[in-house]
Amino acid sequence: MILSRKDLKNYLAADFARYPHSNLPSFLRWIAGDEHIKIKHYLWVLRHTEYAVNNRRLYNPILRFWLRRLGYKYQLMIPLNTCEKGLKVNHLGGGIFLNANKIGKNCTVTSGVVFGKKGEDDYNRPIIGDNVEVTLGAKIIGRVNVGDNVVVAPNSVVVKDVPNNAVISGIPARIIKMN
């Protein structure tokens, strides 16, 4: 949770450090259509909105509107105050909906990933551990605890708890390998 300017800077530094560095100025990369710049823009607005909401700033509604607008534009929806430091979104498009109770540090998601709740209860949402990689088109549905250092293979559907240090795949997902 981002409660101070120092926390905000730490979260942004951790998020941005996971993307490749380029010598081209940002505005040229934006004009050229570099999607990492667009993802960084979304994360910047997300983190500033979390800071504004947690500290009851007056510009909170403006940032919420801006975040929602970017979410529709980039097909990327992440609820406020759910992600720890170091979130990495590899590709835009295909819809990325991360409706989870908690997403751990250094989590990586790609295109088409859905973290969803089961039923109407908000407590029936997934809890994702640290250093988790969720690949193309994977779905994690319901009150599922995904451990630390887990890799979810493409197009997997996770409906049961996953232990630490596992590679899972399939519909429904099964453990393929333990690291």
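I began by fixing a term: a residue counts as buried under 20% relative accessible area, as exposed over 50%, and as partly exposed in between. I also noted that what I have before me is a predicted model.

**Entry 1, residues with positive phi.** I looked up asparagine 149, which lies in the loop between β10 (145-146) and β11 (151-152). Its relative accessibility is 34%, so asparagine 149 counts as partly exposed. I wrote down that asparagine 149 has a positive phi of about 60°, although it is not a glycine. I then turned to glutamine 75, in the loop between α4 (60-74) and β1, and found a positive phi of about 55° there, again in a residue that is not a glycine. Glutamine 75 has a relative accessibility of 40% and therefore counts as partly exposed.

**Entry 2, helix α3.** I compared the span of α3 with what its length predicts: at 1.5 Å a residue, its 20 residues should span 28 Å, and the end C-alpha atoms, 29 Å apart, agree with this. Of these 20 residues, 15 are buried, so α3 is largely enclosed by the rest of the structure. At the start of the helix I found a side-chain oxygen of aspartate 34 reaching to within 3.2 Å of the backbone nitrogen of histidine 36. Just after α3, I noted that arginine 56 takes a positive phi of about 50°.

**Entry 3, glutamate 50.** Which residues does glutamate 50 touch, once its neighbours within four places in sequence are left aside? I listed Ile2, Pro79, Leu80, Asn81 and Thr82 as its contacts. Glutamate 50 sits in helix α3, which covers residues 35-54, and with a relative accessible area of 2% it is buried. I followed its side chain to the backbone nitrogen of asparagine 81, which it reaches at 3.0 Å. Glutamate 50 and asparagine 81 are 31 residues apart in sequence, while their C-alpha atoms are 6.1 Å apart in space.

**Entry 4, threonine 82.** I went on to threonine 82, whose place is in the loop between β1 (76-77) and β2 (88-89). Because its relative accessibility is 7%, threonine 82 counts as buried. A polar atom of its side chain lies 3.0 Å from the backbone oxygen of proline 79. Beyond its neighbours within four places in sequence, threonine 82 is in contact with Glu50, Ala100, Asn101, Lys102 and Ile103.

**Entry 5, around strand β14.** I checked the peptide bond from isoleucine 171 to proline 172 and found that it is cis, with omega near -10°. Proline 172 has its place in the loop between β13 (166-169) and β14. In strand β14 itself, residues 174-178, I looked up isoleucine 175, which at 44% relative accessibility counts as partly exposed. Leaving aside neighbours within four places in sequence, I recorded contacts of isoleucine 175 with Pro163, Ala166, Val167 and Ile168. Isoleucine 175 and valine 162 are 13 residues apart in sequence, and I noted 7.9 Å between their C-alpha atoms.

**Entry 6, a surface patch.** Last, I looked at the nonpolar surface patch of about 540 Å² that Leu24, Phe27, Leu28, Trp30 and Ile31 make. Leucine 24, one of its residues, is placed in the loop between α1 (5-16) and α2 (26-32). With a relative accessible area of 49%, leucine 24 is partly exposed.

Definitions and conventions. Residues numbered from 1 in each chain as written. Predicted model: local features only at pLDDT ≥ 70, side-chain atom pairs only at ≥ 80, totals over all residues. Heavy atoms only, no water. Buried < 20%, exposed > 50% of the residue type's maximum accessible area, 1.4 Å probe, protein only. Contact = heavy atoms within 4.5 Å. Polar contact = N/O pair within 3.5 Å; in protein donor to acceptor, adjacent residues only side chain to side chain. Patch = residues over 30% accessible without salt bridge, like charges linked within 9 Å, V, L, I, M, F, W, Y side chains within 5 Å. Areas by Shrake-Rupley, 256 points an atom, 1.4 Å probe, with all protein chains shown as cover. Salt bridge = Lys/Arg side-chain N within 4 Å of Asp/Glu carboxyl O. Expected span 1.5 Å × (residues − 1).
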